[in-house]
Amino acid sequence: MKFSDLAFLGVLIANFILVGYLGLDDYQRATKLSQIQTNGEQIVSWFEDFSQKLESKEEVTPAACMPLGKEADVTKGAKANTWNSCVESLFTDNGPFKAFTNLLMPKDPVYAQKCDKQNLGSSGAFIFEKLIINPVGPPGVAPMGAGELIMDDMNIRLSVCDTGYYLIKIGEFKL
């Protein structure tokens, strides 16, 4: 064997090691993303149960997620909850999703307003979007702002921001 043959084998082995390392890293990220999607399905299921409790007039917690009914008159003192207070109550220490974290970026929040390449911490975060019903076509989609009022019959889509900063839709629910 010549030196060039040994060099070729060395480069070949180095490539196998590099491909194996990158493949393992991709596998670990995909596993974490799969767990995030499973967590998102639990959130959608929770909101569906929450909505059923609202319809049957049962007591619901947290109260910060109670929608303001259409018959309520804000001018007479009825107070509407905001989306920010609802989401914060869900992911705080005593909320139903206190154990959920951003598995891809553990130091960043578990939810974000939008999936943005400029905000690296939004990778792995849950994204809540308001669906605006359009009678002649597909629904419009808008991010749920922090000051967004929670109203009856509000349609919301839950997605997760993947590693490439694209949305993966998990599900939709109605309050």
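In this predicted model, strands β2 (residues 126-132) and β4 run antiparallel and are joined by six bridges. Within this pairing, Glu-129 stands opposite Arg-157 of β4.

Strand β4, which spans residues 155-161, also pairs with β5 (residues 167-174). Here seven bridges connect the two strands, and the arrangement is again antiparallel. The register can be read from Ser-159, which stands opposite Lys-169 in β5. β4 and β5 form a hairpin, with five residues between the two strands. One residue of the turn, Tyr-165, has a positive phi of about 65°.

With partners in both β2 and β5, how covered is β4? Seven of its seven residues are buried. The cover extends to both faces of the strand. On one side lie Asn-155, Arg-157, Ser-159 and Cys-161, and on the other Ile-156, Leu-158 and Val-160, all of them buried. Arg-157, the residue opposite Glu-129, and Ser-159, the residue opposite Lys-169, thus belong to one side of β4.

The N-terminal part of the chain offers a view of the surface. Met-1, Leu-6, Phe-8, Leu-9, Leu-12 and Phe-16 form a nonpolar patch there, and together they have about 670 Å² of accessible area. One of these residues, Leu-9, is found in helix α1, which covers residues 3-55. Is Leu-9 buried, partly exposed or exposed? Leu-9 counts as partly exposed because its relative accessibility is 36%, a value in between the limits of under 20% for buried and over 50% for exposed.

Note on methods:
Residues numbered from 1 in each chain as written. Predicted model: local features only at pLDDT ≥ 70, side-chain atom pairs only at ≥ 80, totals over all residues. Heavy atoms only, no water. Buried < 20%, exposed > 50% of the residue type's maximum accessible area, 1.4 Å probe, protein only. Helix = DSSP H or I, 4+ residues; strand = E, 2+ residues; numbered from the N terminus. Pairing = 2+ DSSP bridges. Patch = residues over 30% accessible without salt bridge, like charges linked within 9 Å, V, L, I, M, F, W, Y side chains within 5 Å. Areas by Shrake-Rupley, 256 points an atom, 1.4 Å probe, with all protein chains shown as cover. Salt bridge = Lys/Arg side-chain N within 4 Å of Asp/Glu carboxyl O.
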